[in-house]
Amino acid sequence: MNYPTPAIVSQGAVRRLPRVALLLFCLAYVLPGFVGRGPWKGADITAFGYMAEIAFGASDWLTPKLLGLAPEVDALLPYWLGAWAMKIAPAWMAPDLAARIPFVLLLTLSLFATWYGTYYLARSPEAQPVAFAFGGEALPPDYARALADGGLLAFIACLGLAQLSHETTPALAQLCFTALTFYALAALPYRTVTPWLAGIIGLAGLALSGAPTLAALIGAGSAVIYLLVRAPEPESARSKLWMTLGLLLVTGAVMGMSSWLDLWRWRIEFPEATGQEWRSLGRLLMWFTWPAWPLALWTLWRWRHQLLRQGVLGRHLALPLWFVSLSLVATFTTASADRSLLLSLPALAALAAFSLPTLGRSVAALIDWFTLLFFSGCALIIWVVWIALQTGFPQQPAANVARLAPGFEHSFSIAPFLIAASATLAWAWLTKWRIGRHRAAIWKSLVLPAGGAALCWLLLMTLWLPLLDYARSYGPLVQRVVRVVKLAPCVETQGLSRSQLAALKFHGHLSLTSSGSATQCPWLIVDKRNLASLDLTMMPLQWVLDGTVQHPSDQAETLILYKRLTRPGL
């Protein structure tokens, strides 16, 4: 039995989202978070530390090291990009800002690749809407453009995208190259040079960014999908076969490059069989991919007959479903579940876009009202806390900040305030437009989710940025260390994490050496969390405890400082 497509779309429902408005919206989402802050704790400062070591000649390009430690993520290209940017940046530009510039471009490219990937999937014959008896159905280019607008909005609306996509880490590079590969595989039946070039760069970049296994699986699985899908006109069966062989050849070349550079690593870590662990993963899946995941499930249900019809795969569903499935498997089998789940968002957003032509008015209204209440409430909380920091009223938010970030001193800045106020007014206008009377467009249900996510992220990165920078940066901790060690010629370290080492070198400009090396330094810094596991039997003969230094907003970040009993060399 032939099931008709579930999409019933008229030409009036596929009017385009104004390009200027869409570009400005993307710009407002991309820039906040990259500008005006220092490197944050965790993966952000760690990756920057390796970039700085390469840029300043302290580490080899092919084997990045930070005080003898290899990176936890076996990547090369993200560190190269940051190092290249620092080397060519002008002298007046801060190194951390220079290192972020390539990652601004990577996030921008991710947005473009998601839009074009969704566009070319929507051009598939199986994805087209029902043809009306007397005409008036949506034209294929306009229909694909409207779905691509919806896919991009769904991508931006995903709550888990905001923070990880604004860090200078291999995760953002993997996201970009995954989105680029997704676009390449979606556009192959319609273009030649650009998709092949994007596919080669995407798979190779994914392997060089620490995910060679994922690159191999994406390439091999996509080749099988292309072998099974119905060839759209004007593509013939022979050209489809050559396309499949080409994908396998590119995948094999990427696997060979990964072997030559020794990029293969065994990273499988199954979650513990505990209820708490599974509940944690469930919460991650639910909030990280919201609101794309319920729309993607609705797509699979409404379009289920097009996924496999008469023994032929529907490319517009099978391709993104393969990307999402690989990312979900990686989420459940790797330690960094959130960063693995991040790679599913471009394809998940494309799946969510195909739900738009099938949503009823009641479902669309439910999405609008939930989004309006949720993001308006979040924006209100951000503003109330900011006002409390400025005026002391309401007293409770100001007291909470003083308790959680002791020593933080807030100041008023006119530029962030004006940006935040303008964004809030734009949200009010967008809400008024959405609930007003206007011609229907199939992407309208995702305007408020994407706008609300962008609004809250922009407010956080303007009104709350000084507070977040104080709480999430190692700067305050390192400043306390520097006040103790002063202008020491060098400092020995033992048991420090990679992020702590990078922070001491960047924020404190300290010359660090590993404990036990030939160089005898007047100070030794030890992480309190690793004190019990270290061999300190000889320390009473060489060192005396000078004190402890604690991060003002994180009691777990506590460093113990020892002073050498005798002068170096004696």
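Which helix holds Thr251? In this predicted model, Thr251 lies in helix H10, which covers residues 237-260. Its relative accessible area is 3%, and because buried means under 20%, Thr251 counts as buried. Leaving aside residues up to four places away in sequence, Thr251 touches Leu203, Ala216, Gly219 and Ala220.

Helix H3, residues 77-88, is another place to consider burial. The helix has twelve residues, and the distance from its first C-alpha to its last is 16 Å. That is close to the 16 Å expected at 1.5 Å a residue. Nine of the twelve residues of H3 are buried, so the helix is largely enclosed by the rest of the structure. Leu77, Pro78, Tyr79, Trp80, Leu81, Gly82 and Ala83 are among the buried residues of H3, as are Ala85 and Met86. What covers these buried residues? The cover includes four helices: H2 (43-55) and H4 (95-122), together with H7 (170-187) and H8 (193-208).

The last part concerns a pair of strands. How do strands E6 and E7 run relative to each other, parallel or antiparallel? Strand E6 (residues 543-551) and strand E7 (residues 554-564) are antiparallel, and eight bridges join them. One residue pair can be picked out here: Val544 has Lys563 in E7 as its bridge partner. The two strands form a hairpin, with two residues between E6 and E7. In a regular strand, side chains alternate between the two faces of the sheet.

Notes. Residues numbered from 1 in each chain as written. Predicted model: local features only at pLDDT ≥ 70, side-chain atom pairs only at ≥ 80, totals over all residues. Heavy atoms only, no water. Buried < 20%, exposed > 50% of the residue type's maximum accessible area, 1.4 Å probe, protein only. Contact = heavy atoms within 4.5 Å. Pairing = 2+ DSSP bridges. Expected span 1.5 Å × (residues − 1).
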